[in-house]
Amino acid sequence: MIPGKYRSVSGRAANNVNCGLHLVIQTSSLPEKSKVEFKLNKETPSFSGRLLQHDLERNYSSRQGDGRVISPSPRNKSSCISSTTNVTELCGLEMKTTMSSLSAFGDSSIQTPSKSRIRQGCHSAGPNVSGDHINLASSSMPSFPILQRSSEEKILYSDRLTLERQKLTVCPIIDGEEHLRLLNFQHNFITRIQNISNLQRLIFLDLYDNQIEEISGLSTLRSLRVLLLGKNRIKKISNLENLKSLDVLDLHGNQITKIENVNHLCDLRVLNLARNLLSHVDNLNGLDSLTELNLRHNQITFVRDVDNLPCLQRLFLSFNNISTFESVCCLADSSSLSDITFDGNPIAQESWYKHTILQNMMQLRQLDMKRVTEKKRLTINNVARKWDLQQHRIPNIAPNQDRKVSDSPQDPSQLHGSTISAFPEETGSLDSGLTSALQGLSVTDTHLVEVDGDTLSLYGSGALESLDRNWSVQTAGMVTTVSFTFIEFDEIVQVLPKLKIKFPNSLHLKFKETNLVMLQQFNALAQLRRVDQLTIDPQGNPVVNFTLWKYYVLFRLSHFSMQKINGTEVTQNDMIMAERLFGILAHVASSELPQYRLISILGDARKKQFRYLLETKGKKPGLVNEENSDSKRLVGENTNRATLNYTTRDFYNERLEEIKEKKKFCKMYMEDLVKEATEINMKNEALQKLWPQMFIELVRDAVIEIRNKSSYMKLCLQQITDQK
Amino acid sequence: MLSPERLALPDYEYLAQRHVLTYMEDAVCQLLENKEDISQYGIARFFTEYFNSVCQGTHILFREFSFIQATPHNRASFLRAFWRCFRTVGKNGEAKKKKKKKENLLTMREYHCLLQLLCPDFPLELTQKAARIVLMDDAMDCLMSFSDFLFAFQIQFYYSEFLESVAAIYQDLLAGKNPNTVIVPTSSSGQHRQRPALGEASTLEGVEASLFYQCLENLCDRHKYSCPPPALVKEVLSNVQRLTFYGFLVALSKHHGINQALGALPDKGDLMHDPAMDEELERLLAQVPGLVNSATANPEAGCLPSRTPPRVGSPWRPLHHARKVDAESDGSTEETDESET
């Protein structure tokens, strides 16, 4: 039912339109009327065009889209086409704004004009007939043409007048038309607003696409409610003091640099400042009725004062220069805001963007044209809160409850059977404030998995389990960015091998609130297949505060030849600096470790590689450098830093326990050995000490024994005979 | 006859005191841990390698903290390894800004991270204590230069048990009681003088140096852990009348002689010089993938000035370079050095 086609049709039809307004200011029952219109138009498409709506609508769409592409004239057909595509993208929201915006002009009884009616209006825009009835005479006055209409025409369209595409360079003097309520000067070359001060009943003034440089000549038009000045050359908002009942003010496509002189417009509901030169937003107080503010395509870096707009519902900030949430934080204080767009801003590129916005702006219903589901919002909040809790407690307590799997609305194919989780017992004992907050959420999810285009976002440690799922080949192949939020890095480390298998194309890793605190943690990423980009959000990752972290990443992950770190291009100098800083560490680690340790540190997969290295090392050093430098470089690139690896805290502690036991055994074993050795030594020493004396005694005994030869002989013989 | 136990004890004690037992235990432990790998190339070779690496001080690389702090030799080896591996981190600024001698400043946490790269379970507490020496107990987030941190860390790490006892003594002295049970006549008079000093603690900070030294001397005599040579401690304390605990630590860490006695690090002036490693680094830099020649030329120029001063024959050089000599012919090393100077 929407735009694309219609738009282009209306665009083409529009070139002939030059007619009065028919529908807009209807005080009678509207739906019927529109129905009639609808029918009529359908049957007689060449029926004299009488609607201005397409222009209006164009303006509004231009608020949505951009001023540049809205002109549907045949002269820029290409832009027309582009506008159609643009509009299709904008779909739903645009419809809505069109509706509400329309209600902003004309009689207040027209509260809910139907969308189809507008569209039909556009469609019906027939060939130009009004030209026959309008006579632009340029005779009597030297510079200003005088406009006269036939009485017939006057009766037919007593309160509206359209002078579109009349190549006007000045406003004509409009005589005898004091009752005019609607005046259209679109697509002329008017440089100054004049000669209309007598039209005091004017409600609607359209000067879209002219060459006006200053807002002027409007001070008498006290009943004016819709003022369209899009695509002009206005530099300053001024001279609107008397237009107290202004409802719609369209200034898109001008050269305005700051918002000013609008604080008295307390009835203004729609303000369009798209495609201007605004650098910031403030000074908005007094705009008590403003519901829609369009600021697309400016150079805005910060937004203030929006919380002073009690009725603001829709705020369009696409394509500006907003890069931090702090610069728009006043939005969080607005209770009425329901739709917001940030696309095309640096902020929207950040990994934290979506959930930070959602977390801080609970009132949002649409973000960047996408509906915010309550579930998602709650989930993200819940995960964030759980994370906070966890961080304040002992960070080691891993949340190990079963969890409910929720999938993003964008990817319903991934929907899994979900089990409602009983909320973990342990949280019951937490401090009361947080507990009560949590209880409200206890039935909602504790983690979130989302696939949005090429990005896989994981919130909460339970989301890591989703890597076990059977992802479709298509989805898995498409994902190039994986973002982790509210998950302990140590937990992520454990699933990295899975990630490597399931999402072979993941090139960009984003970490936010993952407790990256040490440089050595980056070692774990080395096991991945490829990483082109790494984004470590400073929030919840203290390691980013170190000046060395980037270089360490570059050094340790040099085999990936990464292109970007935290959005900054990696330069050759960075690489050299990284090598300069940590090269020695790698060298020491690879060349000075005893072999047995090298082998045990390197995994089995690397052993083979390394043995080669060891062999070459065994050769004459001179030869190695000459002959094998190339092959060594290829292999050594990784191996000389492969010794730098990361074991998660739990695992490491486990290992320490193991070692402890071995040590105990070794200690006992050594103790025994040493005791034995010292005992032997001690005996030896004692023997050494006693031996001379013993020897002397032995000799003496022997000598004494054999002193009397004959008796000794007798004794010996005696002994022999005794033995026999 | 003498009883075997009575005779055995001194031997055993000797081995334990000289940490022979520690290494033997560790060797066996390592053997058991890596038995599959080691069986492939022979137990004899393993033991050779193990004790070689102990000699060279490379045995502590990536080991658990309990082992690293087990012996003074291990501590010295670790200090040395830390210096060698991260000297460039401290030098960074100098290399960047060409001839300006500017050191890279890092925070305590960053230094801790570097320590953890060598020893994954290195306790934060020790790093904090070392940082406290540099920063005089305040503003722990401040930046420190590599050399300041390294020397403070050396004292803190190598003499950590000694320093703990010193802290206790200092507290006792501050509180006005004499920590030594044996009261020397002169120290009792010191005790008397101490009392009024307590009253005006705001004006007179710390304790009296001479009294403090007596206590420390006493401590050194009976301390079973390693402590700095008493003569040098005396030298440190003789220069001042009164001093605070951190003042004492700072003086220790800056004392040239103590650093030499400890023998792990070069003198402060030579801290950035390690020609063999620099050479190695150049080789590594040449391997940076896709490096353009012009790119190498620049950093080299920035690096050269740091290497030009002649190497002072540092006492531990043979120990440290023993392996280097294996890897590259000694002659070539000398040659390059000469060509540079």
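Here, buried means under 20% relative accessible area. By that cut-off, both Arg75(B) and Glu161(B) are buried, and the two side chains meet in a salt bridge with 2.9 Å from N to O. Keep in mind that this is a predicted model. A search of the whole structure turns up 19 salt bridges over all chains, along with 33 aromatic pairs and zero disulfides.

**Salt bridges**

- Some background for this group: side chains of opposite charge can pair when their charged atoms come close.
- Back to the buried pair: Arg75(B) and Glu161(B) meet at 2.9 Å, N to O. Arg75(B) sits in helix 6 (residues 72-96) of chain B and Glu161(B) in helix 10 of chain B, so the bridge ties together parts that are 86 residues apart in sequence.
- There's also a network: salt bridges that share partners join Lys663(A), Asp26(B), Arg63(B) and Glu64(B).
- In chain A, Asp247(A) forms a salt bridge with Arg269(A), and their closest N and O atoms are 3.2 Å apart. This pair links distant parts of the chain, 22 residues apart: Asp247(A) is in the loop between strand 7 (226-228) and strand 8 (248-250), while Arg269(A) is in the loop between strand 8 and strand 9 (270-272).
- How buried or exposed are those two partners? Asp247(A) is buried, at 3% relative accessible area, whereas Arg269(A) is partly exposed, at 25%.
- Glu657(A) and Lys660(A) form a salt bridge too, with the closest N and O atoms 3.8 Å apart. Both lie in helix 20 of chain A, three residues apart, which is about one turn of the helix.
- On the accessibility side, Glu657(A) is partly exposed at 46% and Lys660(A) counts as exposed at 55%.

**Aromatic pairs**

- Phe47(B) and Phe51(B) make a stacked pair, with 6.3 Å centre to centre and 15° between the planes. They share helix 4 (residues 43-56) of chain B and are four residues apart, about one turn of the helix.
- Phe47(B) is partly exposed, with a relative accessible area of 26%, and Phe51(B) is also partly exposed, at 31%.
- Phe122(B) and Phe153(B) form a tilted pair, 5.7 Å centre to centre with 50° between the planes. Phe122(B) lies in the loop between helix 7 (108-118) and helix 8 (124-135) of chain B and Phe153(B) in helix 9 (residues 146-158), so the pair ties together parts that are 31 residues apart in sequence.
- Both rings belong to buried residues: Phe122(B) has 2% relative accessibility and Phe153(B) has 0%.

**Helices of chain B**

- Helix 10 (residues 160-175) has 16 residues and should span 22 Å at 1.5 Å a residue; its end C-alpha atoms are 23 Å apart, which agrees.
- The buried residues of helix 10 include Phe162(B), Leu163(B), Val166(B), Ile169(B) and Tyr170(B). Just after this helix, Gly176(B) takes a positive phi of about 100°.
- Helix 12 (residues 209-222) has 14 residues and an expected span of 20 Å; its end C-alpha atoms are 20 Å apart, again in agreement.
- Among the buried residues of helix 12 are Phe212(B), Tyr213(B), Cys215(B) and Cys220(B).

**Positive phi in chain A**

- Most residues other than glycine have a negative phi.
- Asn195(A) isn't a glycine, yet has a positive phi of about 65°. Its place is the loop between strand 5 (182-184) and strand 6 (204-206), and it is partly exposed, at 24%.
- Asn283(A) has a positive phi as well, near 60°. This residue sits in the loop between strand 10 (280-281) and strand 11 (292-294) and is partly exposed, at 29%.

**Surface and interior**

- Which residues make a nonpolar surface patch of about 710 Å²? They are Leu687(A), Leu690(A), Trp691(A), Met694(A), Phe695(A), Leu698(A), Val699(A) and Val703(A).
- Met694(A) is in helix 20 (residues 649-706) of chain A and counts as partly exposed, with 35% relative accessibility.
- Ile576(A) lies in helix 15 (residues 572-591) of chain A and is buried, at 6%. The C-alpha atoms of Ile576(A) and Phe555(A) are separated by 9.0 Å, with the two residues 21 apart along the chain.
- Two cysteines to look at: Cys171(A) is buried, at 0% relative accessible area, but Cys55(B) is exposed, at 51%.

Key:
Residues are numbered from 1 along each chain as its sequence is written. Chains are lettered from A and ligands numbered from 1 in the order in which they are written. This is a predicted model: local features need pLDDT of at least 70, side-chain atom pairs count only at pLDDT 80 or more; totals for chains, interfaces and linings use all residues. Side-chain values use heavy atoms; hydrogens and water are left out. Helices (H or I, at least four residues) and strands (E, at least two) are DSSP runs, numbered from the N terminus. The expected span of a helix is 1.5 Å times one less than its number of residues. Buried means under 20% relative accessible area, exposed over 50%, partly exposed in between (1.4 Å probe, protein chains only). A disulfide is a pair of cysteine sulfur atoms within 2.5 Å. Patches are made of residues with over 30% relative accessible area and no salt bridge: like charges are joined within 9 Å, nonpolar side chains (Val, Leu, Ile, Met, Phe, Trp, Tyr) within 5 Å. Accessible areas come from the Shrake-Rupley method with a 1.4 Å probe; for residues, only the protein chains shown count as cover. A salt bridge is a side-chain nitrogen of Lys or Arg within 4 Å of a carboxyl oxygen of Asp or Glu. Rings of Phe, Tyr and Trp (its six-membered ring) pair if their centres lie within 6.5 Å; planes under 30 degrees apart count as stacked, over 60 as edge-to-face and the rest as tilted.
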